[in-house]
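Colleague: I should like to go through the assignments for this chain and hear the grounds for each of them.

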Amino acid sequence: MNYEIQGGTLPVVIVHMDPGEKIICEGGGMSWMTPNMKMETSAGATGGGLGKLIGRMVTGEGIFQNIFTCEGGPGLIAFTSSFPGNIIPVELAAGQEIICQKSAFLAATNGVTLSAYVQKNVGAGFLGGEGFLMQRITGPGLVFLEIDGSVVEYDLAAGQAMVVDQGYLATMDGTCSMDIVVQKGIKNMVFGGDGITNSRITGPGKIRLQTMPAAQVAGCIIPYLPKTNN
């Protein structure tokens, strides 16, 4: 299996597959493919068990996923992003995990497990802006992730931290931890424009930040939408 990423700010990953190879995506994730790709819908494609199925549902992902198998000769399948940004490949070793924003998962090779990640720090979940529930993606295998805007990566040493505004955290290694920091000073909270709290991500591990969170873009557009009369 090999792949190519094309399309600039509206990217697509085109995966070239040999007979017998499999790739998994969310329902409706396939954009185009050769006729020799066989699709099978499964509720346990990226990790079985009722708990994991419920976890995927509450994080906004579908319970059912599609498994595509290449048959009878070489084939290809393409997955496009749902928002301007980047598609990044991440190769995970057995047991290695990354924690992602809920909309990050695009596709993965067979063997990757997708489940819900519940914030251990309740304050970080409800106040940090990244959400109480995120996605946990565990190897072994290759996973393709959607990132809103451009990607900036930092490798944090043990105890090293980065303070991140709401929505800008795309992924963090499973070895990282998250808590919240509260803005100091009433004027900063009320007039600073950066909210009352931010997320603090502490290493060791890699974090990936995104430059154009979809929620931020939506907030900028809303004031310009036509108002309707009830």
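Colleague: Which residue in E18 is the bridge partner of valine 164?

Modeller: Serine 199 is the bridge partner of valine 164. Please bear in mind that this is a predicted model.

Colleague: What makes E15 and strand E18 a pair?

Modeller: Pairing requires at least two bridges between two strands. E15 and strand E18 (residues 197-202) have four bridges in the antiparallel sense, and therefore they count as paired.

Colleague: Which strands are the edge strands of the open sheet with the order E15-E18-E17?

Modeller: In this antiparallel sheet of three strands, the edges are strand E15 (161-164) and strand E17 (177-182), because each pairs on one side only. From one strand to the next, the twist averages 30 degrees.

Colleague: Why is threonine 171 called buried or exposed?

Modeller: Buried means under 20% relative accessible area. Threonine 171 has 0% relative accessibility, so the residue counts as buried. Threonine 171 lies in strand E16 (residues 169-173), and among the residues it touches are Ile99, Leu145 and Ile207. The C-alpha atoms of threonine 171 and lysine 102 are separated by 9.9 Å, with the two residues 69 apart along the chain.

Colleague: Why are cysteine 25 and cysteine 220 classed as buried or exposed?

Modeller: Cysteine 25 is at 0% relative accessibility and therefore counts as buried. Exposed means over 50%; cysteine 220, at 53%, therefore counts as exposed.

Colleague: How many disulfides are counted?

Modeller: The rule asks for a pair of cysteine sulfur atoms within 2.5 Å, and by this rule the count is zero.

How values were computed:
Residues are numbered from 1 along each chain as its sequence is written. This is a predicted model: local features need pLDDT of at least 70, side-chain atom pairs count only at pLDDT 80 or more; totals for chains, interfaces and linings use all residues. Side-chain values use heavy atoms; hydrogens and water are left out. Buried means under 20% relative accessible area, exposed over 50%, partly exposed in between (1.4 Å probe, protein chains only). Helices (H or I, at least four residues) and strands (E, at least two) are DSSP runs, numbered from the N terminus. Axes are lines fitted to C-alpha atoms, for helices over the stretch in contact, and angles run from 0 to 180 degrees between N-to-C directions. Contact means heavy atoms within 4.5 Å. Lists of a residue's contacts leave out its neighbours within four places in sequence.
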